[in-house]
Amino acid sequence: MICYEIERVKDFEGFSVTEIAANIEIVKQRISAAAQRSVREAGDITLVAVTKTHTVEMIDEALRSGITYFGENKVQEALEKLPLVSEPYAGFHFIGHLQTNKVKTLLRLNPCLIHSVDSYHLASALSAALDGTDKVQEILLQVNTSGETSKYGIPPFELPAVADAVAKLPNLKITGLMTISRLCDEKEDCRQDFRLLKALFENLRQAGIRNLDMQWLSMGMTDDFEIAIEEGANIVRIGSAIFGERNYY
Ligand SMILES: *Cc1c(COP(=O)(O)O)cnc(C)c1O
């Protein structure tokens, strides 16, 4: 009996491993150039590789190619993929809309940062789920800067009150803000959303709310991350520019 070994997969979803590594290099160079334009250093910007819809092999390849953090937007998908990742990584970021009935499952996956806390209701569910533990979960408040009804996020005018209330919840620490910019034909149209988030960020920082540690401004994706960095982003969440187009099933 002749048993041939299965050929090692080199082509994930039509996308080769070398391409992932090369794309990461290109993205890093673009981040670095944008950081310089905003008088910062590349090292000040944290890149989160968004691996939603992609395979565990692609996550491993990204981690081998210099990615430190990756982001997923669905609890179920993260639950299936995370235990299979074989490369070491610093931490997993949760970036998607979170339903309160998924909170406990997500927390078991130990996300190092949840970007998408978009209501007091959700924050209190997270806090309650951690009650009795000594864990402090870092969270960002997601703001709907564009006002589009299709987007999740706290309306800007409600943000100070929500931040104040969430900051009082035990076992949580707000460390910044996140937004998804409007869908725009002209890339430059997104700039106003990033400017607004940065302004809200500075206002909160100066509000002197206890237990609020404004460090992170998570804004910018494949189509607009350079503009976001120019406007002050220090976390960018990038999927397609690294892994290619996503197929949704
Ligand atoms: C999918 C996703 C991204 C990455 O999008 P790309 O355009 O592929 O870079 C970033 N942030 C969030 C919240 C996402 O859901």
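Ala, Val, Leu, Ile, Met, Phe, Trp, Tyr, Cys and Pro count here as nonpolar, Asp, Glu, Lys and Arg as charged, and the others, Gly among them, as polar. By these classes, the shell around the ligand holds six nonpolar, three polar and three charged residues. This is a predicted model, in which local features need pLDDT of at least 70 and side-chain atom pairs count only at pLDDT 80 or more, while totals for chains, interfaces and linings use all residues. Residues are numbered from 1 along each chain as its sequence is written, and side-chain values use heavy atoms, with hydrogens and water left out.

**Ligand surroundings**
- The residues around the ligand (a heavy atom within 4 Å of it) include V50, I95, M178, I180, M221, R237, I238, G239 and S240.
- K52, T222 and R246 belong to this shell as well.

**Polar contacts** (pairs of N or O atoms within 3.5 Å)
- In K52, a polar side-chain atom lies 2.6 Å from a ligand oxygen.
- The side chain of T222 has an N or O atom 2.5 Å from an oxygen atom of the ligand.
- For R246, the distance from a side-chain N or O atom to a ligand oxygen is 2.7 Å.
- The ligand alone exposes 390 Å² (Shrake-Rupley method, 1.4 Å probe), and the protein buries 91% of that.

**Overall fold**
- The chain has nine helices (DSSP H or I, at least four residues) and ten strands (DSSP E, at least two residues).
- Along the principal axes, the C-alpha atoms fill a box of roughly 70 × 45 × 30 Å.

Key: Polar contact = N/O pair within 3.5 Å; in protein donor to acceptor, adjacent residues only side chain to side chain.
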